[in-house]
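Reader: Could you take me through one part of this model at close range, and set it against the rest of the chain? I would enjoy one connected account rather than a list.

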Amino acid sequence: MAHKIRRFEDRLREELKDPEFKKHYEAYDLPVRLAMQIAQIRQRKKMTQAQLAKKIGVRQQFVARLENSYETVPSLRTLQKVADALDRHLYVDFR
């Protein structure tokens with residue numbers, strides 16, 4: 001498996017040299033990472049989507065979309081509510 005990951009990383013590094021590819025990759029990178037982090041943290045805390053939804057005042061379907069929809073980035077207010085509900089700190093910065 002490590003060999004396949006290394007091959008993927010090498011190929012990605014090459015592809016990112018193409019400005020057009022890099023632009024599209026970066027547009028999807030943040031939403032995917034956010035969705036994955038929310039789902040992973042929630043699961044580590046042994047919390048269901050419904051439980052998280054109740055804590056942030058939304059329906060379970062909203063949390064499902066939050067964890068699976070890579071096309072939109074949730075608002076900062078929503079991310080802060082999620083962070084609070086998961087006992088985490090939200091950090092946003094420019095690099």
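Author: Gladly; what follows starts with the chain as a whole, moves to the second helix and its surroundings, and ends with two loop residues.

Please keep in mind that this is a predicted model. The protein chain contains five helices and zero strands, and read along the sequence the pattern is α-α-α-α-α. With a radius of gyration of 16 Å, well over the 12 Å that the globule rule gives for 95 residues, the protein chain is more spread out than a compact globule. The C-alpha trace spans about 45 × 30 × 25 Å along its principal axes. Of the 95 residues in the protein chain, 25% are buried. Among contacts with a separation of 6 or more, 51% join residues that are 24 or more positions apart.

The surface and the charges complete this overview. About 7900 Å² of the protein chain is exposed, and carbon and sulfur atoms supply 54% of that area. There are 21 positive and 13 negative side chains, and the centres of the two sets lie 9 Å apart.

Now to the close look, which begins in helix α2. This helix covers residues 19-44, and a loop links it to α3, residues 49-56. The structure holds one aromatic pair. Its members are F21 and Y25, whose ring centres are 6.2 Å apart and whose planes meet at 15°, so the pair is stacked. The stacking call rests on the plane angle, because planes under 30 degrees apart count as stacked. F21 and Y25 are four residues apart in helix α2, so about one helical turn separates them. How exposed are the two residues? F21 has 30% relative accessibility and counts as partly exposed; Y25, at 30% relative accessibility, also counts as partly exposed.

Further along, Q37 is another residue of helix α2. At 45% relative accessibility, Q37 counts as partly exposed. Q37 and D10 are 27 residues apart along the chain, and 24 Å separates their C-alpha atoms.

What does helix α2 have to do with a residue of another helix? E67 offers a good way in. E67 sits in helix α4, which runs over residues 60-68. A relative accessible area of 5% makes E67 buried, because the limit for that label is under 20%. Leaving out residues up to four places away in sequence, E67 touches A35, I38, A39, R42 and Q49. Since α2 takes in residues 19-44 and α3 takes in residues 49-56, the partners A35, I38, A39 and R42 belong to α2 and Q49 belongs to α3.

Helix α4 also holds Q60. Q60 counts as partly exposed, at 31% relative accessibility. Not counting residues up to four places away in sequence, Q60 touches Q49, A50 and A53. Q49 is therefore a partner shared by E67 and Q60. For Q60 and A50, ten residues apart along the chain, the C-alpha atoms are separated by 4.7 Å.

A53 brings us to the other side of that contact. This residue lies in helix α3, and its relative accessible area of 1% makes A53 buried. Setting aside neighbours within four places in sequence, A53 is in contact with V58, R59, Q60 and V63. What is the C-alpha separation of A53 and K22, 31 residues apart along the chain? The answer is 34 Å.

Two residues outside the helices round off the tour, and both have a backbone angle to look at. K46 is found in the loop between α2 and α3. K46 has a positive phi of about 55° although it is not a glycine, and its 74% relative accessibility makes K46 exposed. D87 lies in the segment after α5, which spans residues 76-85. Phi of D87 is near 55°, again a positive value in a residue other than glycine. At 59% relative accessibility, D87 counts as exposed.

Conventions. Residues are numbered from 1 along each chain as its sequence is written. This is a predicted model: local features need pLDDT of at least 70, side-chain atom pairs count only at pLDDT 80 or more; totals for chains, interfaces and linings use all residues. Side-chain values use heavy atoms; hydrogens and water are left out. The radius of gyration is taken over C-alpha atoms; the globule rule is 2.2 Å times the number of residues to the power 0.38. Buried means under 20% relative accessible area, exposed over 50%, partly exposed in between (1.4 Å probe, protein chains only). Contact means heavy atoms within 4.5 Å. Accessible areas come from the Shrake-Rupley method with a 1.4 Å probe; for residues, only the protein chains shown count as cover. Lys and Arg count as positive and Asp and Glu as negative; His and the chain ends are not counted. The place of a charge is taken as NZ of Lys, CZ of Arg, CG of Asp or CD of Glu. Rings of Phe, Tyr and Trp (its six-membered ring) pair if their centres lie within 6.5 Å; planes under 30 degrees apart count as stacked, over 60 as edge-to-face and the rest as tilted.
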